Amino acid sequence: MKCPTCKTEELVLSSLENNLTSRQCGKCGGNWIPSFEYWKWREQHKESLPENFAGQPVPPNPTTGALIAKLCPECNTILIKYKVGHGVNFSIDQCSNCGGVWFDKDEWEALKARSLHDDVYMIFTAPWQSQVRSEESRRAQEEIYRRKFGEEGFDEIQRMKEWIDGHPRKQEIIAYLMSG
Ligand SMILES: [Zn+2]
Ligand SMILES: [Zn+2]
């Protein structure tokens with residue numbers, strides 16, 4: 001098996017967790033997890049850990065944002081990128097044919113810091129991906145308003161909005177504001 005990122009480097013057997021075998025690239029530090037290995041490991045943990053939003057994910061490795069398509073080391077199919085979302089700013093690659101997953105260096109650790117490593121297959125689902133997209137468009141929208149009102153102005157508006165949203169006489173406050 002060859003590394004999907006380095007192309008020529010041979011992957012070697014490694015262990016990412018207790019009972020979780022991966023094929024690791026000694027050059028770039030990426031890990032390939034065949035689908036059956038993942039499920040074998042996953043089945044030993046009955047319940048999924050709750051997502052830990054406090055866990056700071058490791059920043060993405062700048063050297064691994066390769067533009068060249070990665071190929072599955074097992075079946076040579078093009079790997080598909082899935083954005084993790086939830087404040088994690090990198091994508092992981094999955095083979096749509098055999099289901100194996102490629103993690104660039106430190107990505108497994110970053111997901112683990114957020115307790116997302118035990119729900120990796122959720123990231124590939126349509127509901128997860130549609131949530132990632134709405135998260136992105138909300139952030140883009142916010143960015144537009146931030147630029148329009150300035151950092152300080154935007155924060156002030158946010159603060160007012162939260163106060164109004166939580167107020168029992170919300171409608172009347174809005175009506176008053178609109179009356180000029
Ligand atoms: Zn490599
Ligand atoms: Zn494959």
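**Exercise 1.** In this predicted model, find which kind of link joins the side chains of Lys-161 and Asp-165, and work out how many helical turns separate the two residues.

*Solution.* Start with the link: Lys-161 and Asp-165 meet in a salt bridge, at 3.1 Å from N to O. Next, look at their positions: they sit four residues apart in helix α3, so about one helical turn lies between them. Finally, check accessibility: Lys-161 has 46% and Asp-165 has 39%, and partly exposed covers values between 20% and 50%, so Lys-161 and Asp-165 each count as partly exposed.

**Exercise 2.** Asp-119 forms a salt bridge with Arg-42; which parts of the structure does the pair tie together?

*Solution.* First, note the distance: the closest N and O atoms are 3.9 Å apart. Then place the partners: Asp-119 is in the loop between α2 and α3, while Arg-42 belongs to helix α1, so the salt bridge ties together parts 77 residues apart in sequence. As a last step, Arg-42 has 11% relative accessibility and therefore counts as buried.

**Exercise 3.** Take Arg-23: is this residue buried or exposed, and what is the nearest side chain of opposite charge?

*Solution.* Begin by locating Arg-23 in strand β2. Arg-23 is buried, and Glu-37 is the nearest oppositely charged side chain, 4.2 Å away. A salt bridge needs a distance within 4 Å, and Arg-23 has none. To finish, look at the surroundings: beyond its sequence neighbours within four places, Arg-23 has contacts including Trp-32, Pro-34 and Trp-102.

How values were computed: Residues are numbered from 1 along each chain as its sequence is written. Chains are lettered from A and ligands numbered from 1 in the order in which they are written. This is a predicted model: local features need pLDDT of at least 70, side-chain atom pairs count only at pLDDT 80 or more; totals for chains, interfaces and linings use all residues. Side-chain values use heavy atoms; hydrogens and water are left out. Buried means under 20% relative accessible area, exposed over 50%, partly exposed in between (1.4 Å probe, protein chains only). Lys and Arg count as positive and Asp and Glu as negative; His and the chain ends are not counted. Contact means heavy atoms within 4.5 Å.
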